[in-house]
Amino acid sequence: MLERFSKLMAAHGTATVQSYTSATDLLRDAAEIFAKREVEHSFMLGVLGNLQKDMDFYHVTPQLLAVKGSGPTPLLLATMVYPYPLVLSLAAPSASDEEVAGALQCLADYVATVLKEKKVFPVKLMGLPALVDPFTERLAQICWDLGLRPAMGIQYYSVDPSTLVPPRLRLEDDPTLTVRPYEERDAEWMRTWIWQFHMDTYGYSQDGFVEDQLAELARLPREARGMFLLFKGSEFVSYAAYGGATANTLRITGAFTREDFREHGYGQLAVWCACRHLLTPVADHGLGRSAVAIAADQAKSSVMGIYKRLGFAETNELREYVDHEGLKAVTAKP
């Protein structure tokens, strides 16, 4: 299959697509793309880290793709764990504009033809605007019935131990507030709030998404459970979830506050507690990360302000394309 499409792609110079069956092999070959750019690739690296542990981690066969030119180093990467987004990496620093343009066309041809034959055509695309825009345009030229349309802009932020700022609301300001890591005994009632987070953030949810997240939390050691819960007295108020571990970073994967407790600073406090734990040295019982990344919908300026108040600074901007009808189909409850 790959040989046949390499010939079809001859018009794009020497660019060819290589499909990987090992996340470790892809990480090794793409070292130049990832070097010193962990925050910018936190989503992709987090997925690859999970696949390193278990290629069946997401219960579907992942698509791990690299576009190569005349040399051994990939020019561009794409990962997809269907129906999760197909994510484009940054281009290799050494790649010329011409090589990147050829790589995008080559990858679009592969996605449009090979993945569509496999019936796993992506319902979401995500990447830097300078890359994902021409990539999607090329897809539309090949697939006239393409359902992908521009969706939200995603702004990445990062914070490190020297820039993390305490929140306006502190635990000591209200003696009824407590925070602790997620525990397995929380799973039953947390299903409701994880589901609601998906609905608030993405406009859809699915039982499988919630169960996968709870199962992932249960597999982690207690000190790295992936979620901090904030309580006011005995009532659950807010949570901040994290994951996507890379060598030196972690990513805040979700922050949620119950509707009846919003506008009081609880969400910001939960995020700060999580970040403090992630950035605290291992010797002091933290996770010893050098940076924490977070992604926010650019349209939600109030949310972006929360992160900036905690010391997060802008890194790269991503753009998302969504096939809304396709997304409804794959996320519909059975």
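**Figure 1. Helix H9, residues 266–279, in the predicted model**. The 14 residues of H9 should span 20 Å at 1.5 Å a residue, and the end C-alpha atoms of the helix are 20 Å apart, so the two values agree. Of these 14 residues, 13 are buried, which means that H9 is largely enclosed by the rest of the structure. Cys273 is buried too, at a relative accessible area of 2%.

**Figure 2. Two loop residues with positive phi, Glu263 and His285**. Glu263 lies in the loop between strand S10 (249–257) and helix H9 (266–279). Its phi is near 70°, a positive value in a residue that is not glycine. Is Glu263 buried or exposed? Glu263 is exposed, because its relative accessibility is 79% and the cut-off for exposed is over 50%. His285 sits in the loop between H9 and strand S11 (291–297). The phi of His285 is also positive, at about 75°, and His285 is not a glycine either. With a relative accessible area of 70%, His285 counts as exposed.

**Figure 3. Cysteines in a structure with zero disulfides**. Why does Cys273 form no bond with the closest cysteine sulfur? That sulfur belongs to Cys275 and is 9.5 Å from the sulfur of Cys273, which is too far for a bond, because a disulfide needs the two sulfur atoms within 2.5 Å. Cys273 has a relative accessible area of 2% and is buried. Another cysteine, Cys106, is buried at 0% relative accessibility.

**Figure 4. Thr249 in strand S10 and its surroundings**. Thr249 is a buried residue, with 3% relative accessibility. The side chains of Thr249 and Thr246 are joined by a polar contact of 2.6 Å. Which residues does Thr249 contact when its neighbours within four places in sequence are left aside? They are Glu38, Val39, Gly244, Arg289 and Ala291. Both Glu38 and Val39 come from an early part of the numbering, whereas Arg289 and Ala291 come later than Thr249.

**Figure 5. Helix H5 and its kink at Val111**. H5 covers residues 97–117, 21 residues in total. From its first C-alpha to its last, the helix reaches 30 Å, close to the 30 Å expected at 1.5 Å a residue. Where is H5 kinked? A kink of about 25° is centred on Val111. Just after the helix, Lys119 takes a positive phi of about 60°.

**Figure 6. Gly147 in the loop between helix H6 and strand S6**. H6 runs over residues 129–142 and S6 over residues 149–159. Gly147 is partly exposed, with a relative accessible area of 25%. Not counting residues up to four places away in sequence, Gly147 touches Val322 and Asp323. The C-alpha atoms of Gly147 and Val123 are 8.1 Å apart in space, and the two residues are 24 apart in sequence.

**Figure 7. Lys124 in strand S5**. The strand consists of residues 124–127. Is Lys124 buried or exposed? Lys124 is buried, since its relative accessible area is 6% and buried means under 20%. Lys124 and Pro281 are 157 residues apart along the chain, with 37 Å between their C-alpha atoms.

**Figure 8. Leu310 in the loop between helix H10 and strand S12**. H10 spans residues 301–309 and S12 spans residues 313–322. Leu310 is buried, at 0% relative accessibility. Leaving aside neighbours within four places in sequence, its contacts include Val159, Thr163, Leu164, Val165, Pro166 and Pro167. Gln268, Val271 and Trp272 are also in contact with Leu310, and H9 covers the stretch 266–279. Val17 is 293 residues from Leu310 in sequence, and the two C-alpha atoms are 41 Å apart in space.

**Figure 9. Confidence along the predicted chain**. The average pLDDT of the chain is 85, and 90% of the residues score at least 70. Where does pLDDT stay under 50? This holds over residues 1–11. For residues 1–11 the model has 16 contacts beyond four places in sequence.

How values were computed: Residues numbered from 1 in each chain as written. Predicted model: local features only at pLDDT ≥ 70, side-chain atom pairs only at ≥ 80, totals over all residues. Heavy atoms only, no water. pLDDT = per-residue confidence, 0-100. Contact = heavy atoms within 4.5 Å. Helix = DSSP H or I, 4+ residues; strand = E, 2+ residues; numbered from the N terminus. Buried < 20%, exposed > 50% of the residue type's maximum accessible area, 1.4 Å probe, protein only. Polar contact = N/O pair within 3.5 Å; in protein donor to acceptor, adjacent residues only side chain to side chain. Expected span 1.5 Å × (residues − 1). Bend = angle between axes of the 7 residues up to and from the residue.
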